Amino acid sequence: MSRIELAQGAGGRGMQELLDQVIRPALSNPLLDQGHDGAYLPGQGLVMTTDSYVVSPLFFPGGNIGKLAVCGTVNDLAMCGAEPLWLSLGLIIEAGFEYDDLQKILASLAQTAKEAGVVVVTGDTKVVEAGKGDGIYINTTGIGRSRLAQPFSPKALKVGDRLLINGGLAEHGLAILAARESLPFETPPISDCACLHGLVETMLATCPEIRLLRDPTRGGLAALGNELASASSLSILLKEKDLPIKSPVQAALQMLGIDPLSVANEGKLVAFCPEASAEKLLKVMQAHPLGRDSAIIGEVIERQSAPLWIQTQIGTRRLVEMPLGEQLPRIC
Amino acid sequence: MNPSDPFGTPEPVQALSEAIGKLVAQTGPLRLMHLCGSHEHALNQHGLRQLLPKELKIIPGPGCPVCVCPAEAIDQAIQLAKQPQTTLVTFGDMLRVPGSRQSLAQAKAEGASVRMVYSPYDCLKLAQEQPTQTLVFFAVGFETTMAGVAGLIAQSLPKNLYFLVAGRYMPPVLRLLMEIHDETIRGFLLPGHAAIITGLEPYRFMETQYKLPSVVAGFEPADVLLGIWMLLKEIAQGTAGLKNAYPRAVRDEGNLKAQAWITQVFDLKPGVWRGIDLVEDSAFVLREAYRDQDALRALNADPGFPAQGHPPGCQCHRIMLGEKQPTDCGHFGQACNPQNPIGPCMVSPEGTCNSWSRFGIRSL
Ligand code: SF4
C-alpha cells in the first residue's frame, strides 16, 4: 500500500496498522509506548493528551464540533484517571466559513469547557484556502493531574474482571450518520457527547480498585475490546443480553445493517474492575446523571483463539472482529 | 435481534434445536441450502450453526442481489454517472462492487456524480429538488426491493428521473440450481422477505416437478430453526411439501397489490447472474410503456467495452452454487476483505464471504 486510505482514519484495523507500522516506530519512546489515550508525564503526576476533530456535519443533534473538541479531550484525560485542568485550542478554518457558525462553535466550546472546569490557556488559528478544509478543523491538547497511584494499563487486567458501561451504545455514530445522510427519523437520534470526568471522579472515589478505563469512541466497543484484550494477552466475553442499547437506536441500526458494537460513542466509558467490586461500582455509576443506564456487560476470560467474544442472546458464542474501518469515517 | 420478539428468545430456540437433533438422528447426515443473504447473516450473527448437529449442514446459496448484479450493469451505471448534468443514485452497498474496470466508488473519486440513498423514494425528492439535473436510479435487488421500485415507477414521475434496472427474480435461479446441483441438497430454505411479495406459488414447481421440500422462513433465530425443522420433518416422512414457516409475515398468496405493481411495470427477460449464468425469465426489465424512463433506452449507457468476467482466483460463483465455501478461496481474509473486496461476495453485508469475514466464521 503506497497511499493512505480514508478507512485508516476510522479507528479499526486499518488505523491500528497505520499506528503500529508507521507512526509509532518513527517516534518510539517510553512515554509514547505506554499506548494509552494520553501519556503519564514523568515526575509531576501530569497527564497529557491531544485530539483533532474533523466531524461532518459540524452541527448535529446533541452537540457540535466545539463541544466535541472539549469533551473528547477531557474524556481522554479522564480515562487516564486524571482531573482535566488546561486545554490548548488549534483552529484550522477554511476561507469562506460563516462568522456566525464560528461564533456558535466557540460559544459551545467555551460553555462546555466552563462546565468541565477546564481552561483554554493557549491557542493557534490558521485560515486555509477555500476548498482545502471542510469548514473547520479543531485540535485540542489537554493537560490534567492524575488521581491514580499507579497508571492504568491493560496488563493489570485479570481473568474474572467485569466490564461496566455507563449507558446506551452507538448513539453518537448514529446521530452523525442520520444528520449527514438526512435519514428520515421522526425524532432524530441524539449524540451522547458529554464530559465524563465527573463520573470518573465518583467512580474512583468509591472504587479505587478499578483496573482500567477506556472510552469506546471510533470503532466502538468492538475496537475497544479487541485492542485491550490483545494488549492484556487475555480475552473478553461480552453478554449480548446485558448490552444497553436504546430500542430506537437498535431498530435504526438493524434497518441500516450496522452492528452497534462497532459504532462510535462520545459520552460512554468502559470500566474494568475486580468481580467483587462490580455491583458496588454499578450502583455508584447508576446514581450519577451520566450513568443511569449503566450495566455490567461482560468479563475478562482466559486467552482464547480470538481476543473478543460475545455470548448471544440465545446462548451461543461468536467472536467479534476488530472493525475494519467503518462506512462513516468522519465522526469525531 | 429484537429482544421483545419471542422468536429471538432462548426458550423456543432451545426446544427447536433439540427437535432438530432428534430428526437428524433419524434422517442421517444431510445438506440443506438457503437462498438468502439475510439467512446467512442470521446464522452467523446468532451462531445458529453451533446449535445444529454436525451431520446437518446449511449451505449458503445465491441469495445476495448485490453479489449477483452483473459487471455489465455496473459498467453502465458508471458510464451514466460520468455524463454531464447526470447523477447516478443507488443503495450504499452498490458503491464498492467491482465492475469490469472500476467500481462506482472509484468512479466517484474521479469525479463521476454518484449519490447514496436508503429508499427508492429518496430519488423522487432529489429529482424534484434538481429539475435541471438528470437523475438515474440504479435499481438492484430481488422481489422485495423491486416491488418498491415498481410502486415508485407506477406513479407519475418527474421527467428528469430515469431507471437503470438490474433487479433479479429469485424462483428461476432455484429452477436452474435444481438442474445443475449435485443432488446432495435435500431441501431449500426460501427467503422470507421475497415471499412476502410473491407468496408461495412461484415455488410450487419444487413440490410438483422436483419433489424436494422447501420452506419459507423468517430471520429471527427461532424463525430460521423453525424453517429447518419443518424441512427435516418433510424429509423424515418422505414428503416434499412447500411450506410456510413465517406466517406472521408471509401470506400464502403474497402481497397482491405489490404483485400488481410489478406486473404493471416490469417484464421478465433472461438475465445474467454474476458468476452463475444466464438465467431464463429472471431479469426485471421495464415494459414498453415506461421506455421513456428506461436509462438503457433513453440515455447513453454504453461503456464502449465488453464486460469482464469474474476476478482471477475468486470463487464466488462456486460459493453461490454451494460447491465451495469462502475458506476454499486463497484471497479470503487476505487480499480480499470487506474493506478491499476483490469479488462480489465480499462487498455486500449480504454476501457470504463478507458475512463470514465479519463474524469470524471459518467452517460450515
Ligand atoms: S474471498 Fe473474495 S475473492 Fe475469494 S471468493 Fe470471496 S469474494 Fe471472491
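Here are some exercises with worked solutions on a predicted model with chains A and B.

Before starting, note that residues are numbered from 1 along each chain as its sequence is written, and chains are lettered from A and ligands numbered from 1 in the order in which they are written. In this predicted model, local features need pLDDT of at least 70 and side-chain atom pairs count only at pLDDT 80 or more, while totals for chains, interfaces and linings use all residues; side-chain values use heavy atoms, with hydrogens and water left out.

**Exercise 1. Describe the overall build of chain B.**

Step 1. Start with the secondary structure: chain B has 15 helices and eleven strands. Helices (H or I, at least four residues) and strands (E, at least two) are DSSP runs, numbered from the N terminus.

Step 2. Now turn to the radius of gyration, taken over C-alpha atoms; the globule rule is 2.2 Å times the number of residues to the power 0.38. For the 364 residues of chain B the rule gives 21 Å, and the radius of gyration is 21 Å, so chain B is as compact as a globular protein of that length.

Step 3. Add the box: along the principal axes, the C-alpha atoms of chain B fill roughly 65 × 45 × 40 Å.

Step 4. Look at burial, where buried means under 20% relative accessible area, exposed over 50%, and partly exposed in between (1.4 Å probe, protein chains only). In chain B, 59% of the 364 residues count as buried.

Step 5. Finish with contacts, meaning heavy atoms within 4.5 Å. Among the contacts in chain B with a separation of 6 or more, 76% are between residues 24 or more positions apart.

**Exercise 2. Do the same for chain A.**

Step 1. Chain A has eight helices and 14 strands.

Step 2. A compact globule of 332 residues would have a radius of gyration near 20 Å, and the 19 Å of chain A agrees with that.

Step 3. The C-alpha trace of chain A spans about 55 × 50 × 45 Å along its principal axes.

Step 4. Of the 332 residues in chain A, 55% are buried. Residues 24 or more positions apart supply 84% of its contacts with a separation of 6 or more.

**Exercise 3. Set out the surface and charge of each chain.**

Step 1. Accessible areas come from the Shrake-Rupley method with a 1.4 Å probe; for residues, only the protein chains shown count as cover. Chain A has an accessible surface of about 14,400 Å², with 54% belonging to carbon and sulfur atoms. For chain B the area is about 14,500 Å², with 51% from carbon and sulfur atoms.

Step 2. For charges, Lys and Arg count as positive and Asp and Glu as negative, while His and the chain ends are not counted. Each charge is placed at NZ of Lys, CZ of Arg, CG of Asp or CD of Glu.

Step 3. Chain A carries 28 positive and 36 negative side chains, and the centres of the two sets are 4 Å apart. Chain B carries 31 positive and 33 negative ones, with the centres 2 Å apart.

**Exercise 4. Map the annotated domains onto chain A.**

Step 1. In an unreviewed entry, UniProt lists "PurM-like N-terminal" at residues 36-145 of chain A. UniProt positions are given in the numbering used here, feature names are shortened, and annotations may be inferred rather than shown by experiment. This span is 30% helix and 43% strand, and its end C-alpha atoms lie 15 Å apart.

Step 2. The unreviewed entry in UniProt also gives "PurM-like C-terminal" at residues 158-305 of chain A. Here the chain is 36% helix and 16% strand, with end C-alpha atoms 17 Å apart.

**Exercise 5. Find the backbone features in the loops, and say how covered their residues are.**

Step 1. In chain A, a cis peptide bond joins S56(A) and P57(A), with omega about 5°. P57(A) sits in the loop between β2 (46-53) and β3 (59-60).

Step 2. A170(A), in the loop between β8 and α4 (171-180) of chain A, has a positive phi near 75° though it is not a glycine. A170(A) counts as buried, at 0% relative accessibility.

Step 3. Q85(B), also not a glycine, has a positive phi of about 55°. Q85(B) lies in the loop between α4 (71-81) and β3 (86-91) of chain B and is exposed, with a relative accessible area of 55%.

**Exercise 6. Examine helix α2 of chain B.**

Step 1. The helix covers residues 37-45, and eight of its nine residues are buried. Among them are H39(B), E40(B) and L43(B).

Step 2. After the helix comes G47(B), with a positive phi near 60°.
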